[in-house]
Amino acid sequence: MKQFGITIGTTFFPFSLWAKNETGEPLILPDNPLYKRLAKPVTAITLGAGARGNVYGDYAIEYPEQLTIVGVAEPNMLRNERYATKHNIPDSDCFTNWKDVFKKPKFADAVIISTPDQLHYDPCIEALRQGYDVLLEKPISPSEEECRAILELTQKTGRIVAVCHVLRYAPYFIKLRELMQSGTIGEIISMQHLEPIDHVHMSHSYVRGNWHNSKETTPIILAKSCHDLDVLKWMLGKDSKKIQAFGNLKWFKKENAPPGSKERCTDGCAVEYKCPYSALKIYHREQQRTYVFDLPKEKRKQDDAILDYLKTSDYGRCVYRMDNDQCDHYTTNILFDDGVTATFNMEAFTPWGGRRTRVMGSMGYLEGDMNKFKIHDFRTNKSKTYKTKTTDVDHYKNEGHGGGDWRLVSDWIQAVAQHNPNLLTSTIEASIESHIMCFMAEESRLTNSVMEIKM
Ligand SMILES: NC(=O)c1ccc[n+]([C@@H]2O[C@H](COP(=O)([O-])OP(=O)(O)OC[C@H]3O[C@@H](n4cnc5c(N)ncnc54)[C@H](O)[C@@H]3O)[C@@H](O)[C@H]2O)c1
């Protein structure tokens, strides 16, 4: 990524040059006039050094002039030690629980809250009380009441809280929004948005993995699709008025377990070799998503370690015999201001991920898949294709969210350094609005009713 940015002195300025497409065509993002040169790096403490804590922490490794990680709280000792080593954190600033961080007087500008969903509220409130700025993973909290309490304290303390609605920072969605709001296809009439989770990703995260139980974490509309309702609303730039949802868990259930299958894929399952959800296939033969296993560094030991995990952790269990309850398909209809409508579908059973969006306008039509989008103008009957796959998207191999992950960090660092929330698009105020859409969608699904959305 660095080669596409601007370096002035020792400070890297990730301006619009980040957003050249693969063929070098000028893209898309105007220079951010609010960016300023940093006098010193922003300092942060990471609470939760799992997958996301490392995505954000790695930014500090790449751009030490902008961000320094000075503390960590993580109960998994392997992760804790690896994170401390990576960021050169002294023992005195390594903790096993987020609570211990706040027993010390404030020792950084900010905290990064990348703990599990149900552990966002308490650390965020404590951080705000102690005067830290915050990078807060979504969901803000599993409860509307707690979301509103965080908003209230943020406003009272005047701290910076950026919610990790990373799609708002992806060049693809930024450009889509700009085209929609500048009238390129006339007045927006309606939208269709699809979130194809991909069947393996679904089985990994929402059947076997961290979010398999909606009551212990959050319902999938919040856990996964809060990004989608958020970008829909953000791109339209309109308030949502009503929402209606349907969805259920149809496939990953005991009654669909094939004859001959066992509790674990490693137990001699008779259909393992032809099951698309086989844990042996996904994690061992294809080595997908093995980052959850904290594997030993030595390659020769990794195979055995994966097999051990499959014999002992949820990741080796049969997808039809989990105690999961997340919907595997979820449909919502949304009414926005001025009669604009949108449909949103979350689908588990697709061969690929990557959001797909269609926008119907009075003078044209727009369709995109996160790598490119096409505009058809009814007045000229001509189409134009924009390629938006940015060269840096693959830089971070672990889900860059269309380049949004690190662009969010970059804007957040500037917001903290300048103490200016206008650097951010996913402020706590803006993010809560789309969270409320999710809460209302889930209530609609559960009560079989159309819900009004009141902010
Ligand atoms: N913005 C996005 O696109 C995005 C993508 C994935 C996950 N998330 C969210 O990020 C958060 C973290 O997800 P993840 O995938 O990194 O999960 P993870 O399980 O990899 O990481 C969470 C870490 O928090 C640690 N933890 C648990 N209790 C703790 C405590 N008391 N104090 C400190 N640390 C504690 C866990 O040991 C774990 O290492 C979740 O809320 C998730 O929904 C956001």
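**Exercise 1. Find the polar contacts between the ligand and R52, H120 and H401 in this predicted model.**

Step 1. Start at R52: a polar backbone atom of R52 lies 2.8 Å from an oxygen atom of the ligand.

Step 2. Go to H120. An N or O atom in the H120 side chain is 2.9 Å from a ligand oxygen.

Step 3. Turn to H401. Here the distance from a side-chain N or O atom to an oxygen atom of the ligand is 3.2 Å.

Step 4. Apply the cut-off: a polar contact needs N or O atoms within 3.5 Å. The values 2.8 Å, 2.9 Å and 3.2 Å are to be checked against it.

Step 5. Add the burial. The ligand alone exposes 840 Å². The protein buries 86% of that area.

**Exercise 2. Describe the shell around the ligand.**

Step 1. Count the residues: 25 surround the ligand. R52, E74, R79, D117 and H227 come nearest.

Step 2. Sort by class. The shell has 10 nonpolar, 9 polar and 6 charged residues.

Step 3. Ask which element gives the most to the shell. The answer is α1, with 3 residues.

**Exercise 3. Characterise the packing of α1 against α12.**

Step 1. Locate the helices: α1 spans residues 51-62 and α12 spans residues 404-418.

Step 2. Set the geometry. Their axes come within 10 Å and cross at roughly 65°. The crossing is right-handed.

Step 3. List the partners. From α1 come R52, V55, Y56, D58, Y59 and E62. From α12 come D405, W406, L408, V409, S410 and I413.

Step 4. Classify them: the contact has 7 nonpolar, 1 polar and 4 charged residues.

Step 5. Link back to the ligand. R52 meets α12 as part of the α1 set, and R52 is also among the residues nearest the ligand.

Technical notes. Residues are numbered from 1 along each chain as its sequence is written. This is a predicted model: local features need pLDDT of at least 70, side-chain atom pairs count only at pLDDT 80 or more; totals for chains, interfaces and linings use all residues. Side-chain values use heavy atoms; hydrogens and water are left out. Axes are lines fitted to C-alpha atoms, for helices over the stretch in contact, and angles run from 0 to 180 degrees between N-to-C directions. Helices (H or I, at least four residues) and strands (E, at least two) are DSSP runs, numbered from the N terminus. A crossing is left-handed if the near helix is turned anticlockwise from the far one by less than a right angle, and right-handed if clockwise. Contact means heavy atoms within 4.5 Å. Ala, Val, Leu, Ile, Met, Phe, Trp, Tyr, Cys and Pro count as nonpolar, Asp, Glu, Lys and Arg as charged, and the others, Gly among them, as polar. A residue is near a molecule or strand if one of its heavy atoms lies within 4 Å of it. A polar contact is a pair of N or O atoms within 3.5 Å; within protein, one must be able to donate a hydrogen and the other to accept it, and residues adjacent in sequence count only if both atoms are side-chain atoms. Accessible areas come from the Shrake-Rupley method with a 1.4 Å probe; for residues, only the protein chains shown count as cover.
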